[in-house]
Amino acid sequence: MRSNQVRLNCGITMPLIGLGTYSSQNDRETTELAIHMALKMGYRLFDTAKIYGSEPAVGKALREAILDRTVERGDIFVTSKLWGSDHHDPVSGLKQTLGKLGMEYVDMYLVHWPVKLKPWACDAVPKEEDFEPLDLESTWAGMEKCLEMGLCRCIGVSNFSSKKIQRLLGFASVPPAVNQVEMHPMWRQSKLRETCGEHKIHVSAYSPLGGPGNAWGSTAVIDDPLIQSIALKHRATPAQVALKWGLSKGSSVIVKSFNQERMKENMGCFDLKLDDQEILAIDKLEETKIMRGEFLVNQTTSPYRTIHDLWDDEI
């Protein structure tokens, strides 16, 4: 997996494919089993968050793997995220995360959303009365403090628009290393990728397959006739084509499946080679959908659009 990594602006390397650990069931035993399987398949990046409720399971499985020498701590990359209710004290938020993980540090700590919530707000989809005015400068100062204290190796953001990235860079002493956003062939994030690229901020894609299996997701990406035809030509799967498209844009991808066969299939995306014409054809899918007046995956169905509606701009 060493060759399948990206060097971040903070100087450390991060794997280009990671296992997301959000699950609506949040079954601890299932999550632990999936992580052990993923390690055997070569996964080394594990993505969690306070709001997912998966931190204890992620930590337990990884600690077991370290103890039995399946991996060393330095070989794995753990990402977690600051929830909106902890914006008033990111250091305390990260210390709680580390306690649940049973670790001394995480490799990456992200601001989950550019949204501040009341300290007691713990719903995954916040109520409107839970929101507080965001003081991004204060939040980021707390994130930089986490880095200074050695509680994390790198800091970044998630779900930040181009405007919010520019605003953050106006006062940040340490720039974000990563912006993790929803990205797939039906939502390419072209403007955002350009903005991040100008500032050497790595874009990491969650829901790189369009979120099939989620209540707010869709199978539109993997069911698309063009993606299916490219997959057939290469004797690959539509999921592998979509993931390879994301990798071709210089992004890492966070896949979310605890199914053993699909986990192995997703890892196989590195073996697929798409030519420039195929990449260009996939690039045009988003414009084609807009011209036809079709809804783009997740942009209108995700419960988190409620959060987007409360900002001053879109991602």
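**Reading rings, burial and a barrel**

Reader: How many aromatic pairs does the count come to?

Author: It comes to one aromatic pair, using the rule that rings of Phe, Tyr and Trp (its six-membered ring) pair if their centres lie within 6.5 Å, with planes under 30 degrees apart called stacked, over 60 edge-to-face and the rest tilted. The partners are Tyr22 and Tyr52, an edge-to-face case with 5.5 Å centre to centre and 65° between the planes. Before you go further, note that this is a predicted model, where local features need pLDDT of at least 70 and side-chain atom pairs count only at pLDDT 80 or more, while totals for chains, interfaces and linings use all residues. Residues are numbered from 1 along each chain as its sequence is written, and side-chain values use heavy atoms, leaving out hydrogens and water.

Reader: Which parts of the chain does the pair link?

Author: Elements are DSSP runs numbered from the N terminus: helices are H or I with at least four residues, strands are E with at least two. Here the pair links distant parts of the chain, 30 residues apart. Tyr22 sits in the loop between β3 (17-20) and α1 (28-41), and Tyr52 in the loop between β4 (45-47) and α2 (55-67).

Reader: Is Tyr52 buried or exposed?

Author: Relative accessible area settles that: buried is under 20%, exposed over 50%, partly exposed in between (1.4 Å probe, protein chains only). Tyr52 has 15% relative accessibility, so it goes down as buried. Its ring partner Tyr22, at 25%, is partly exposed. Chain-wide, 55% of the 315 residues count as buried.

Reader: And what does Thr48 contact, leaving aside its neighbours within four places in sequence?

Author: A contact is heavy atoms within 4.5 Å. With those neighbours set aside, the list for Thr48 is Thr21, Ser54, Glu55, Val58, Thr79, Ser80, Lys81 and Leu101. Thr48 lies in the loop between β4 and α2, and its relative accessible area is 0%, so this loop residue is buried. Across the chain, take contacts between residues at least 6 apart in sequence: 73% of them join residues at least 24 apart.

Reader: What is a residue at the other end of the accessibility scale like, say Asp276?

Author: Asp276 comes out at 68% relative accessibility, so it is exposed. You'll find Asp276 in helix α11 (residues 276-283). Its C-alpha atom is 9.8 Å from that of Ser248, although these two residues are 28 apart along the chain.

Reader: Let's zoom out. How many helices and strands are there?

Author: The chain has 13 helices and twelve strands.

Reader: How are eight of the strands arranged?

Author: Look at the pairing: two strands pair if DSSP finds at least two bridges between them. Following that, eight strands make a closed barrel, β3-β4-β5-β6-β9-β10-β11-β12, with parallel pairing.

Reader: Which strands pair with β10, and over how many bridges?

Author: On one side there is strand β9 (residues 155-158), which pairs with β10 in the parallel sense over two bridges; Ser158 has Gln180 as its bridge partner in β10. On top of that, five bridges join β10 (residues 178-182) to β11, also parallel. There, Asn179 is matched with Val203 of β11.

Reader: What is the handedness of the chain's crossover from β10 to β11?

Author: Point the strands away from you: a crossover is right-handed if the path from the first strand over the helix to the second runs clockwise. The step from β10 through helix α6 (residues 190-198) to β11 is right-handed. Likewise, β9, helix α5 (residues 162-169) and β10 make a right-handed β-α-β unit.

Reader: Why are β10 and β11 described as largely enclosed?

Author: For β10, five of the five residues are buried, so the rest of the structure largely encloses it. Both faces are covered, with Val178, Gln180 and Glu182 buried on one side and Asn179 and Val181 on the other. For β11 (residues 202-206), four of the five residues are buried, so that strand is largely enclosed too.

Reader: And where does β11 go on its β12 side?

Author: Three bridges join β11 to strand β12 (residues 252-255), running parallel. Ala205 has Val253 as its bridge partner in β12, and Ser204 stands opposite Ser252.
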